[in-house]
Amino acid sequence: MTWKPQASLEVLRLRARLLARIRNFFEARGVLEVETPVLGHAGVTDPFIESLRSGELYLQTSPELAMKRLLAAGSGPIFQICKAFRAGEAGTRHNPEFTMLEWYQPGYDHHALMDEVDLLIQEVLEAESAERETFGALFLRYVGLDPHTADRNALERVARVVGEAPFAASELEVDDWLNLLMARVIEPQLGQDRPFFVYDYPVCLKALARLRDETPPVAERFELYYRGMELANGYHELTDLREQRARFEDDRKRREALGLAAVHEDGPFLDALEAGLPKSAGVALGFDRLVMIAASATSIRDVLSFPLDTP
Amino acid sequence: MASSYGINQLRTGLKILVDNAPCVIIDLDLVKPGKGQAFTRVKFRNLKTGRMLEKTVKSGESIEGADVLETEMQYLYSDGEFWHYMDPNSYEQYQADAAAVGDASKWLKEEMQCSVTLYNNVIIQVTPPMFVELEVIETEPGIRGDTAGTGGKTAKLETGTVVRVPLFVQLGEKLKLDTRTGEYVGRVKV
């Protein structure tokens, strides 16, 4: 019976209800729904995300850069519900094609946006209001190390004690260890009763977040966890052209060091940054995972009509 | 020599070498933060000890394959220390030690076909057939008419193994037994 959908019709009806609730939420707040292309000329530069290609074109791994061009053009607050594609990502929480909810609020910082994400989750999932803790305090509490200063050796020692060190442990950088310990040790315990925000990340996990110069310096990034699963990732957005170019250059070098194909940076996006991206905060939320929580599903496959089959 | 596998070549059922021990992959899952290095969580069973273990592997790593072969062999005899088997195709003989035979020894009878796991051409595991037929060599006299099989008694089989059987089972009868549970299934009509 392989022609039949994987998700039950009941879950598919739930998906439709959640989509409607999200659109109502944004309509009531005057956030404009937009669409940006799924197919484009630029791939993702992030060394740990691989684009799917179609000839010379790339399927988008996220609508982020196109939406920032809309912000630079003066769109005001915008949201989008779209498909995104990432090569090779398949598992109980990943499907190579997935649905993303992404939105931007000019004038917001990451705390103001966390407030809004919190309200959305309360409304859409009927959840309680969220808890909030800095990455530094959280890491110290669960792992016993300060993530802003811990070195590779200290992180590896802890990982070995909890049985989480991979075979090729010597190849891992500080950011890899932080991500691994977060994903394997901390994440399963987060947000069991109510949604949980982690914010202000170590600089090595900055991605596209703005840095705040204090001691230690932090990246104004946040993630949302609920029922032991990462649901969303957001930033007080980087708007500085020079800093953005430097981060693309870091990506390029790391891709080269890892022996990955070179990816050209997104020219029109850099032009938009030069023209001026308003100070804003943005967040991407995995819609399929939201449905997983609403449906109490343990695999993403059970909330997709037709998940991509593994060969 | 077995080859090595890249992370995206890993599949359940694949035999791999972990800390020099042959293992079989039971389950795989992707661990991938939105931003950052992808890892794969591999759940595997040690083929020698049966222990279930888990390991995180980084994308780009490779894992050594284990030269493991599963095949059918005929059980010949035991000399008290080793259990001897023959490959019915090559007539080549193999010996298995007590660790490899394990609980299978309770059911082994000459000429029985067993599935064996070979690692580097040495038997590391023996699995008896799911059902075996063995003769009763010792039991209390059967009670005729008690076909309901209520209550029960013990019976010693020709392999020396003692099992619980219904009261009507007679000395000299052949019984069908489930080797996975060690339970009596029925009498074999001769």
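## Strands E7 and E8 in chain B

Let's start with a pair of strands in chain B. Strand E7 (residues 68-78) and strand E8 (residues 83-86) of chain B run antiparallel, and 4 bridges join them. To find one of these links in the structure, look for Tyr75(B): its bridge partner in E8(B) is Tyr85(B). Keep in mind while you look around that this is a predicted model.

Now zoom out a little. E7(B) and E8(B) belong to an open sheet of 5 strands, and if you walk across this sheet the order is E9-E8-E7-E10-E11 (chain B), with antiparallel pairing. Which strands sit at the edges? Those are strand E9 (93-96) and strand E11 (122-127) of chain B, each of which pairs on one side only. The sheet isn't flat like a row of planks, either: on average, neighbouring strands are turned by 45° against each other, if you ignore direction.

## Strand E12 and its two partners

Further along chain B, have a look at strand E12 (residues 131-139). Strand E15 (residues 174-178) of chain B runs antiparallel to E12(B), and 5 bridges join the two. For example, Val132(B) has Leu177(B) in E15(B) as its bridge partner.

E12(B) also pairs with strand E13 (residues 153-157) of chain B, again in the antiparallel sense, this time over 3 bridges. Here you can pick out Val136(B), which stands opposite Leu157(B) in E13(B).

## Chain B as a whole

Chain B is mostly a story of strands: count them up and you get 16, along with 1 helix. What about its overall shape? The C-alpha trace of chain B spans about 75 × 40 × 25 Å along its principal axes. Its radius of gyration is 22 Å, whereas a compact globule of 190 residues would have one near 16 Å.

## Chain A as a whole

Chain A has a different mix, with 9 helices and 12 strands. Is this chain compact or spread out? The radius of gyration of chain A is 19 Å, close to the 19 Å that the globule rule gives for 311 residues, so chain A is as compact as a globular protein of that length. If you drew a box around the C-alpha atoms of chain A along the principal axes, the box would be roughly 50 × 45 × 40 Å.

## A small sheet in chain A

Chain A has an open sheet of 3 strands, and the order is E2-E4-E3 (chain A), with antiparallel pairing. Strand E2 (39-40) and strand E3 (52-54) of chain A are at the edges and have a single partner strand each, so one side of each has no neighbour in the sheet.

E3(A) pairs with strand E4 (residues 57-59) of chain A in the antiparallel sense, over 3 bridges. One link to look for is Ser54(A), whose bridge partner in E4(A) is Leu57(A).

## Helix H1 and the helices it packs against

Next, find helix H1 (residues 9-28) of chain A. H1(A) packs with helix H3 (residues 110-125) of chain A at an angle of about 140°, and the axes are 10 Å apart. That angle makes H1(A) oblique to H3(A), and the crossing of the two is right-handed. Which residues meet here? From H1(A) come Leu18(A), Arg21(A), Ile22(A) and Phe25(A), and from H3(A) come Leu120(A), Glu123(A) and Val124(A). Sorted by class, the residues of this contact are 5 nonpolar, no polar and 2 charged.

H1(A) packs with helix H9 (residues 287-295) of chain A too, at an angle of about 120° and with the axes 10 Å apart. That makes H1(A) oblique to H9(A), and H1(A) passes H9(A) in a right-handed crossing. In this contact, Val11(A), Leu14(A), Arg15(A) and Leu18(A) of H1(A) meet Leu290(A), Val291(A), Ala294(A) and Ala295(A) of H9(A). The classes here come out as 7 nonpolar, no polar and 1 charged.

## Where the two chains touch

Finally, how many residues of each chain are in contact with the other chain? The count is 16 residues of chain B and 25 residues of chain A. On the chain B side, the elements that give two or more residues are strand E3 (21-31) and strand E5 (52-58) of chain B. That side of chain B is a mixture by class, with 6 nonpolar, 5 polar and 5 charged residues.

Conventions: Residues numbered from 1 in each chain as written. Chains lettered and ligands numbered in written order. Predicted model: local features only at pLDDT ≥ 70, side-chain atom pairs only at ≥ 80, totals over all residues. Axes fitted to C-alpha atoms, helices over the stretch in contact; angles between N-to-C directions. Parallel < 35°, antiparallel > 145°, perpendicular 65-115°, else oblique. Left-handed = near helix turned anticlockwise from the far one by under 90°. Contact = placed C-beta atoms within 7 Å. Nonpolar A, V, L, I, M, F, W, Y, C, P; charged D, E, K, R; others polar. Pairing = 2+ DSSP bridges. Rg over C-alpha atoms; globule rule 2.2 N^0.38 Å.
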